[in-house]
Amino acid sequence: MSGDNLTLCVPRASSGQDPHRPTLVKSPKPTCPTNHVILQIDRFGFSTNNITYQALGEHPHFRAERCWFRVCRYFDFHVAPEATGVDVSTKTHGVIPVWGFATIVESGHPKIQVGERVYGYLAPTRYLLLAVSPADVNRYAFYVPRPHLPADRRPYNQIIRCAADPQYASDPVIEDLTMLYRPLFWTSYWCEDWLFSSTYRGGASVFLISSASSKTAFCLAYLIKKRVARGEVKHNVRVVGLTSTGNLEFTRGLGHYDEVLEYGTFTSGDAFQYRDREERWIYVDVASNDTLNERICAYFASPYAPRLASCISLGLTNVSPSSSGSVKWSTNAFPASTTKTNTNQFWPQYENFFMVEWLNVRKRQLPIDEIFGRQNEAWTELMRDCQGWVKMERVYGGQGVKMAYEEVAEKGVGPEKGLVWSLWDCEEKEVVKARL
């Protein structure tokens, strides 16, 4: 068994290097000081969301302009290692954060035991050294001190202890599905809850969702349809998905949408032929595609179109490692010229949804036990329902992961696939009996 660490590092945009070409950095296994732990990263999920993290790795995010004294970037979570013989430094490369499972192999905190199974916002590496907030350890989780991040971003600093996690199941299949869905599903779940809290923005009966084949989008559609099935909203609420030609078959096959339309011809779909001017629509923009948004604006600007009750920004699936320019997180992506010529009775402000902000509101409105109960019920139902939605693919070993990353960065990943990676070759992994 090799004692070396291995970390997948990607070029920063400011380095001028090819963003499609990651580097595997070999370095010594870290040592464990007091109030630190060393995690053996067993497996982690990878999706187009992680490609977004790379593309925006140096860009302030989480609406950081509202907290000028704390700049928040994806590359701030984990530091790129420096090693001799490779052209990698913290100035030229970053480490993409990933959601994954790990085993504690060394502990410098008396309340955290070697062998514990944990889940959190980790790194694509074999061994990860994390600081532990000394007084912030409980039976459910412990926390990584990151004072440079806003305090309300606490969930990203949380390392969940699987032994006390009601949503955890040790079945490897469920672990894989957890890494694939847990980060995205909760964004969809709380976004739907946010919209439902306003009775779907005053009674909207049609949801239009772009990038409908993405997990964030189809989980949102799934949750809306479950709400309809429970009789909590009117039975006439419909969900319409927009996707590319190549993803039509997959997206329709999910069964979460009432209608799935292709980007180029969506206005000819049935949903767009029923022109009740009083019908209210909500547009959820997951793709963040300016050209598509202009066309949607043009449609709803017509005096004969239904009323657009709300425009929600929920993702950036159109961003790739080679994307240029900056993202304006708090501005309306719709063109001003279209807005000025709009003759509809009501033109909504473009809203950005961020899960942590809404969850903080709900924690003031609901008892924490009720929040946990709702989440546990929703998660149990998802794990029951989702097992046939995508085909899981595992990749092992440093070179295998590097090649897989290059393929995803250059060609993307089909929505029918769920990717789970490990920098370990199976026979190399350190054997530590998990404590559950």
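Me: What space lies in the largest cavity?

Reply: About 110 Å³ of space lies in the largest cavity. Please keep in mind that this model is predicted. The structure holds one cavity of 30 Å³ or more.

Me: Which residues lie nearest the centre of the largest cavity?

Reply: They are S47, N50, W99, M179 and P183, which belong to a lining of 12 residues.

Me: Which elements each supply at least two residues of that lining?

Reply: Two strands and two helices do so: β3 (36-46) and β5 (98-107), together with α1 (48-55) and α2 (172-196). Helix α2 gives the largest share, four residues.

Me: How many residues of the lining are nonpolar, polar or charged?

Reply: Eight residues of the lining are nonpolar and four are polar, while none is charged.

Me: I should next like to learn how to read aromatic rings. What describes a pair of them?

Reply: The distance of the centres and the angle of the planes describe a pair of aromatic rings. In this structure there are 31 aromatic pairs. Consider F101 and Y119: their ring centres are 5.0 Å apart and their planes stand at 50 degrees, so the pair is tilted. The cut-offs explain the name, because planes under 30 degrees apart count as stacked and those over 60 as edge-to-face, with the rest counted as tilted.

Me: Where do F101 and Y119 lie?

Reply: F101 belongs to strand β5 and Y119 to strand β6 (residues 117-122), so the pair ties together parts that are 18 residues apart in sequence. Both F101 and Y119 are buried. Another tilted pair is formed by F272 and W281, with 5.1 Å from centre to centre and 55 degrees between the planes. F272 and W281 are likewise buried.

Me: Which residues do ring pairs link into a cluster?

Reply: The cluster holds F77, W99, F101, Y119, Y121, Y156 and Y168. Two of its members have appeared above: W99 is among the residues nearest the centre of the largest cavity, and F101 pairs with Y119.

Me: Which residue lies over the face of F196?

Reply: R227 lies there, at 3.7 Å from the ring centre. R201 lies over the face of W194, at 4.4 Å from the ring centre.

Me: Is R227 buried or exposed?

Reply: The cut-off for buried is under 20% relative accessible area. R227 has a relative accessible area of 9%, so R227 is buried. R227 is found in helix α4 (residues 215-229). When neighbours within four places in sequence are left aside, R227 is in contact with E192, D193, F196, Y200, E232 and V233.

Me: Y200 appears among those contacts. What is the phi of Y200?

Reply: The general idea is that most residues other than glycine have a negative phi. Y200 is not a glycine, yet its phi is positive, at about 55 degrees. Y200 lies in helix α3 (residues 199-203). With a relative accessible area of 2%, Y200 is buried.

Me: Where does S288 lie, and what is its phi?

Reply: S288 lies in the loop between β13 (280-285) and α6 (290-300). S288 also has a positive phi of about 55 degrees, although S288 is not a glycine. Its relative accessible area is 24%, so S288 is partly exposed.

Key
Residues are numbered from 1 along each chain as its sequence is written. This is a predicted model: local features need pLDDT of at least 70, side-chain atom pairs count only at pLDDT 80 or more; totals for chains, interfaces and linings use all residues. Side-chain values use heavy atoms; hydrogens and water are left out. On a 1 Å grid over the protein atoms alone, a cavity is a set of points where a 1.4 Å probe fits but cannot get out, and a pocket is an open set with protein on both sides within 12 Å along at least five of seven lines; lining residues have an atom within 4 Å of a point. Grid points are joined across faces, edges and corners, and a volume is the space filled by probe spheres set on the points. Ala, Val, Leu, Ile, Met, Phe, Trp, Tyr, Cys and Pro count as nonpolar, Asp, Glu, Lys and Arg as charged, and the others, Gly among them, as polar. Rings of Phe, Tyr and Trp (its six-membered ring) pair if their centres lie within 6.5 Å; planes under 30 degrees apart count as stacked, over 60 as edge-to-face and the rest as tilted. Buried means under 20% relative accessible area, exposed over 50%, partly exposed in between (1.4 Å probe, protein chains only). A charge sits over a ring if NZ of Lys or CZ of Arg is within 6 Å of the ring centre and within 35 degrees of the ring normal. Contact means heavy atoms within 4.5 Å.
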